[in-house]
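Student: Please show me the model. I would like to ask how its terms are justified.

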There are 2 protein chains.
Amino acid sequence: MSKELTVKQLATISGVTVRTLHHYDEIGLLKPANVGENRYRYYGEAELLRLQQILFYREFGMQLGAIAALLDRPGFDHVRALSEHRAKLAAKAERYRQLIRTIDRTIDRLNGEQLMNANDLYKGFPLERQVDYEKWLVERHGDAMKDHIADSKRALASLSGDRQRQLMTELADIECALAEKLRERVSAEAGELAPFLERHRAWVGEMWGRPCSLQAYAGLADLYLSHPDFRARYERLEPGLTGYLTSAMKAYAARV
Amino acid sequence: MSKELTVKQLATISGVTVRTLHHYDEIGLLKPANVGENRYRYYGEAELLRLQQILFYREFGMQLGAIAALLDRPGFDHVRALSEHRAKLAAKAERYRQLIRTIDRTIDRLNGEQLMNANDLYKGFPLERQVDYEKWLVERHGDAMKDHIADSKRALASLSGDRQRQLMTELADIECALAEKLRERVSAEAGELAPFLERHRAWVGEMWGRPCSLQAYAGLADLYLSHPDFRARYERLEPGLTGYLTSAMKAYAARV
DNA sequence: CTTGACCCTCACGCAAGGTGAGGGCCTATC
DNA sequence: GATAGGCCCTCACCTTGCGTGAGGGTCAAG
């Protein structure tokens, strides 16, 4: 044997701690070349080299288990392993960039620039072509729907202008949040959307003047899908939002 | 009280698990509005709101402890908190991008494009202006140095051409690795540089025909710093590498 | 009065080590 | 040849943010 290194020596040379070497021994990632009577660990050239490889992959945030699997499969393809890991890193980097963008937008909103935007997008919207939606609802759900619609109109009309604006702001808030989730590629079925859908359903209830049942909520999703007005509005907010929102609404209704 | 929510209800509405709420209760991040005789947890409006805030910050990878500190400091500045966290995220994203670039370069190198590069940069280098370095060394360290230099030249001359090229490739490897560390903003004093400095010192020993002591190694750093040839070469490899390498060499010599 | 859905409190597990505690080994110096 | 200091060992608990049971009480509906 040319040179036997103790834990401390190998640790110093390699820039890790003794505990790390103990750990790697424990999990079988890097075993000493031999172990003395006194249970001292001794490492040789080969172990030093293996440790270099381990640290190389570890740098990139690879899991120790994955590294072990790589190194212990003889004749493994470094290039492919790296490429695969590269993809994971890219995904993480992208995720961080998304989060940063979201933070930026949130900061802007907190700074109050959002109010105009909301007024812009939402003023007058829900009253304008109400008639068409009513027709569709009645067609689909029969005459019993007519009473509901009448109730709804009375409820809406009875609200003060301030309250109406407040509701529109709430809607803007919710839809903005969902649009961001979409941009972040959060699944429409994800549980984390629930809080926003809950708020959305409550909002619908407010507009209708009576609570929105889960069934009705799922049905509303179909209305959104079927009417170009809604579709156009959502797509203007964020491409793909129509399908995203309606899927989320149905998933939510089915889940709760 | 308007509405009391059970754990399950709050969990479903908010898109988290029951266990998460238990956990938040345990660590004091979100306590129930009140607790029944039967130890059931009941949450109110206020808790729902607080949970929304918690989840908002959690999304960005903020630690629960930090979130608690934020929310429990009354009159805290959301915008500033977000800005600070944004900076952290940006740093992480940047780190990932660096790693990705490093992987890309590594893949390129593994694909064999490095050989030319090495030959390009290193052929003939150490013999060319050897004379000047010698003068400097003698000036600084006195006549005793002359013998060392003579030894060194003999040692170098006695090596085969193949062996010389091999040594140059090793040097290229080490310097490339250090340049990458520099690009990744790893501190020159960091322990993780040790393996490369170890190899570098061994390389110097090979060139000299005798082991390079830690003292000599630290002295060599000064040579690199003082001579424009070295400086130019390192800066061509990566801007700032001269200072980085020499700092690392000295830190390493002092540490081991 | 039973069933099933919900609630509770432990308590272990994960990844990758950090940080001692308590005790043996080695070697240099007095 | 004894003692000091430095290195080595093996437990074994701590960290983050929960997941995942185990074992047992509670509640509303049929």
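Student: Which residue of chain A comes closest to the rotation axis?

Tutor: A:A93, with its C-alpha at 2.6 Å from the axis. This is a predicted model: local features need pLDDT of at least 70, side-chain atom pairs count only at pLDDT 80 or more, and totals for chains, interfaces and linings use all residues. Residues are numbered from 1 along each chain as its sequence is written, chains are lettered from A and ligands numbered from 1 in written order, and side-chain values use heavy atoms, without hydrogens and water.

Student: Why is the relation of chain A to chain B called a two-fold axis?

Tutor: Copies are superposed by least squares on the C-alpha atoms of residues with pLDDT of at least 70 in both. Chain A then lies on chain B with an RMSD of 0.3 Å, after a turn of 180° and a shift of 0.0 Å along the axis. That is the relation of a two-fold axis. The same surface serves both copies: 100% of the contact residues (heavy atoms within 4.5 Å) of chain A recur in chain B.

Student: What makes the pair of A:H22 and DNA strand D a polar contact?

Tutor: A polar contact is a pair of N or O atoms within 3.5 Å; within protein, one must be able to donate a hydrogen and the other to accept it, and residues adjacent in sequence count only if both atoms are side-chain atoms. An N or O atom in the A:H22 side chain is 2.8 Å from a phosphate oxygen of the strand, so the pair meets the cut-off.

Student: What does B:L64 use to reach a phosphate oxygen of DNA strand D?

Tutor: A backbone N or O atom, at 3.4 Å.
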